[in-house]
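User: Please take a close look at one part of this structure and explain how it is put together. Follow the pairing from one element to the next, and then say what the side chains do there.

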Amino acid sequence: METAKSNAGHSLILSDRKLLELKGVNDVRAFDETEVMLETELGMLLVRGKNLQVKRLTLEQGELSLEGEIEGLIYSQKVGRKKSGESTLRRLFG
């Protein structure tokens, strides 16, 4: 049975670089103690750090909480956004 996911969009709260709370998470693609790769409403998100631990994961609600030493957050292109024939500069800036 498929559960309806909240369409609240994507947001994150980072507290003291030790607790990261995310909304708008569609899937967890990969996880270890130094990196977490997430598919979000706004594209792929790579979280880098040390001693990363998932404290709460509720994909039905699109929510995830991570604890550890957060060192970086890197977003990639929005999922499904690339159009064939679109230039790299246009995708980067626009």
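Analyst: Strand β3, residues 25-31, pairs with β4 in the antiparallel sense, over 5 bridges. The model is a predicted one, and what follows is a reading of its coordinates. Within the pairing of β3 and β4, Ala 30 has Met 37 of β4 as its bridge partner. The two strands make a hairpin, with 3 residues between them.

On to the next pair. β4 and β5 are again antiparallel, here over 6 bridges. Two of the bridges can be named: Leu 38 is matched with Leu 45 in β5, and Thr 40 with Gly 43 in β5. This hairpin has 2 residues between its strands.

β5 then pairs with β6, in the antiparallel sense and over 11 bridges. Across this pairing, Gln 53 stands opposite Glu 67 of β6. The hairpin of β5 and β6 has 4 residues between the strands, and in it Gly 62 takes a positive phi near 75°.

β6 also pairs with β2, antiparallel over 5 bridges. Here the bridge partner of Lys 23 is Glu 63 in β6.

Put together, these pairings belong to an open sheet of 6 strands in the order β1-β2-β6-β5-β4-β3, with antiparallel pairing. Its edges are β1 (residues 11-15) and β3, each of which pairs on one side only. On average, neighbouring strands of the sheet are turned by 45° against each other, direction ignored. As a general point, strands of a sheet pair through backbone hydrogen bonds.

The order in the sheet can be set beside the order in sequence. The chain has 6 strands and 1 helix, and from the N terminus on they run β-β-β-β-β-β-α. In the sheet, β2 stands next to β6. Of the contacts in the chain with a separation of 6 or more, 43% join residues 24 or more positions apart.

Now the side chains, beginning with the interior. The largest nonpolar core has 11 residues: Leu 20, Leu 22, Val 25, Val 36, Leu 38, Leu 45, Val 47, Leu 52, Leu 64, Leu 66 and Ile 70. Four strands, β2, β4 (35-40), β5 (43-58) and β6 (63-75), each supply at least two of these residues. The bridge partners Leu 38 and Leu 45 are both members of the core. In the chain as a whole, 26% of the 94 residues count as buried.

Leu 22 shows how one core member is surrounded. Setting aside its neighbours within four places in sequence, Leu 22 is in contact with His 10, Ser 11, Leu 12, Leu 38, Leu 45, Gly 62, Glu 63 and Leu 64. Among these contacts, Leu 38, Leu 45 and Leu 64 are also listed in the core.

Glu 63 leads from the core to a polar pair. Glu 63 is found in strand β6. Beyond four places in sequence, Glu 63 touches Leu 22, Lys 23, Arg 56, Leu 57 and Thr 58. Its side chain makes a polar contact of 2.7 Å with the side chain of Arg 56.

The other half of that pair, Arg 56, lies in β5. Not counting residues up to four places away in sequence, Arg 56 touches Glu 63, Leu 64 and Ser 65. Is Arg 56 buried or exposed? Neither: its relative accessible area is 35%, which falls between the 20% limit for buried and the 50% limit for exposed, so Arg 56 counts as partly exposed. Arg 56 and Leu 66, 10 residues apart in sequence, have their C-alpha atoms 7.3 Å apart. Leu 66 belongs to the nonpolar core, whereas Arg 56 makes its side-chain polar contact with Glu 63.

A last word on confidence. The mean pLDDT of the chain is 84, and 73% of the residues score at least 70. Among the elements, β2 (residues 19-23) has the highest mean, 98, and helix α1 (residues 88-93) the lowest, 56. Where pLDDT is low, the predicted coordinates should not be read in detail.

Key
Residues numbered from 1 in each chain as written. Predicted model: local features only at pLDDT ≥ 70, side-chain atom pairs only at ≥ 80, totals over all residues. Heavy atoms only, no water. pLDDT = per-residue confidence, 0-100. Core = buried A, V, L, I, M, F, W, Y, C linked by side-chain atoms within 4.5 Å. Buried < 20%, exposed > 50% of the residue type's maximum accessible area, 1.4 Å probe, protein only. Contact = heavy atoms within 4.5 Å. Pairing = 2+ DSSP bridges. Polar contact = N/O pair within 3.5 Å; in protein donor to acceptor, adjacent residues only side chain to side chain. Axes fitted to C-alpha atoms, helices over the stretch in contact; angles between N-to-C directions.
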